[in-house]
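User: I am new to this structure and would like a close look at one part of it. Please set that part in its wider context as well.

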2 protein chains.
Amino acid sequence: MNTIQGSPTPIEKMLAGRLGALAHPARLRILQHLSGHPACCCKEVVECLDLAQSTVSQHLKILVDAGLVIYRPERPRSVYQVDRAALAGLSTSLAGLIEACCAGEPQSCKDKNSGN
Amino acid sequence: MNTIQGSPTPIEKMLAGRLGALAHPARLRILQHLSGHPACCCKEVVECLDLAQSTVSQHLKILVDAGLVIYRPERPRSVYQVDRAALAGLSTSLAGLIEACCAGEPQSCKDKNSGN
DNA sequence: CGTATTCATCGTTCATCGCCGATAAACGAT
DNA sequence: ATCGTTTATCGGCGATGAACGATGAATACG
């Protein structure tokens, strides 16, 4: 009946989007690098990645748009930092999904409809 | 120094691959549906998703290839189930990465070279 | 045998990704 | 005023992804 089956919920889209932002070796690497420094500029990331500066800038933008990295366009150089809260939140969301999957209860199927 | 900056490690690629498999609303939905049933056939998933059967079959294949779903081509209908162990492993890997990021220690930058 | 069901695969179309070089904007320094 | 540095964005290109319909294989039922 209510096999809702309609368009994806905003929550699904959001989660998929963040996972997508994470789903690239260069971006994982960027996150790791960022995590090792209080603040990084773009050039610094470029130097640890051997990709073109424009490419790195785009990867950074993807992470920022996904809400995983904090960005401040300060003047001599921009500032990028890991958004630890967002990352923790993502981890929690994913853990919740996975826990539901591992529990294997039919409820987990209906839960996705309630939020819609 | 150790700004290794070379090609991505296999681990990074693997993690990125699995995250990529997860990074689609339809596939998240499939995983949730699968988690609510001991075993599903393709048609059943199709009915809860309103995508074409061929499309669903491909999404399923992506999840299987990523090692997140177990597949047995039994005869009347195929059997798909969540690979709970793999999912748990992914959760652990990601949690580790995120924890490293949230700790914010420079070590986390070197960790990526060692083993994990 | 013929039909219906289920499913994987193929071929196609269209959109998006990933990468690059080039360029322009915003400074600091000379 | 003119460099040099840093960075974001643009345009383009090849590759990949996502979706579909059509097709064929395998099986169950008449």
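Which element gives the largest share of the surface near DNA strand D, and how many residues come from that element?

Analyst: The model is a predicted one. The element in question is α4(B), which supplies five residues, the largest share of the surface near DNA strand D.

That surface can be described residue by residue. DNA strand D is surrounded by 21 residues, and the closest are Cys41(A), Lys43(A), Tyr80(A), His59(B) and Arg75(B). Of the strand's atoms that come within 4 Å of the protein, 69% are sugar and phosphate. Several side chains place an N or O atom by a phosphate oxygen of DNA strand D. For His59(B) the separation is 2.5 Å. Tyr71(A) has such an atom at 3.1 Å from a phosphate oxygen, and for Ser78(A) the value is 3.2 Å. Two or more residues each are given to this surface by α3 (42-47) and α4 of chain A, together with α4 of chain B.

DNA strand C can be described in a similar way. There are 20 residues around DNA strand C, and those that come nearest are His59(A), Arg75(A), Cys41(B), Lys43(B) and Tyr80(B). Sugar or phosphate makes up 67% of the atoms of DNA strand C within 4 Å of the protein, while the rest belong to bases. Tyr80(B) has a polar side-chain atom 2.4 Å from a phosphate oxygen of DNA strand C. From chain A, a side-chain N or O atom of Thr55(A) is 2.8 Å from a phosphate oxygen of this strand, and a polar side-chain atom of Arg27(A) lies 3.2 Å from one. The elements that give two or more residues here are α4 (53-65) of chain A and, from chain B, α3 (42-47) and α4 (53-65).

The two protein chains are copies of each other in space. A turn of 179° with a shift of 0.0 Å along the axis lays chain B on chain A with an RMSD of 0.1 Å. The copies are therefore related as by a two-fold rotation axis. Of the interface residues of chain B, 98% are also interface residues in chain A, so the copies meet through the same surface.

Within chain A, the secondary structure consists of six helices and two strands, in the order α-α-α-α-β-β-α-α along the sequence. Of its 116 residues, 43% count as buried. The accessible surface of chain A is about 5,800 Å², and carbon and sulfur atoms hold 55% of that area.

In soluble globular proteins, nonpolar side chains tend to be buried together. Here the largest nonpolar core has 62 residues, and Leu68(A) and Leu68(B) have the most contacts inside it. Leaving out residues up to four places away in sequence, Leu68(B) touches Arg18(B), Leu63(B), Val82(B) and Leu90(B), among others.

One further residue of chain B is Gln81(B), in strand β2 (residues 79-82). Gln81(B) is partly exposed, with a relative accessible area of 23%. The side chain of Gln81(B) reaches the backbone oxygen of Pro38(B) at 3.1 Å, and a polar contact of 3.1 Å joins the side chains of Gln81(B) and Arg72(B). The residues that Gln81(B) touches, not counting those up to four places away in sequence, include Leu34(B), Val69(B) and Ile70(B). His37(B) is 44 residues from Gln81(B) along the chain, and their C-alpha atoms are 8.1 Å apart.

Terms used. Residues numbered from 1 in each chain as written. Chains lettered and ligands numbered in written order. Predicted model: local features only at pLDDT ≥ 70, side-chain atom pairs only at ≥ 80, totals over all residues. Heavy atoms only, no water. Core = buried A, V, L, I, M, F, W, Y, C linked by side-chain atoms within 4.5 Å. Buried < 20%, exposed > 50% of the residue type's maximum accessible area, 1.4 Å probe, protein only. Contact = heavy atoms within 4.5 Å. Least-squares fit on C-alpha atoms with pLDDT ≥ 70 in both. Helix = DSSP H or I, 4+ residues; strand = E, 2+ residues; numbered from the N terminus. Areas by Shrake-Rupley, 256 points an atom, 1.4 Å probe, with all protein chains shown as cover. Near = heavy atom within 4 Å. Polar contact = N/O pair within 3.5 Å; in protein donor to acceptor, adjacent residues only side chain to side chain.
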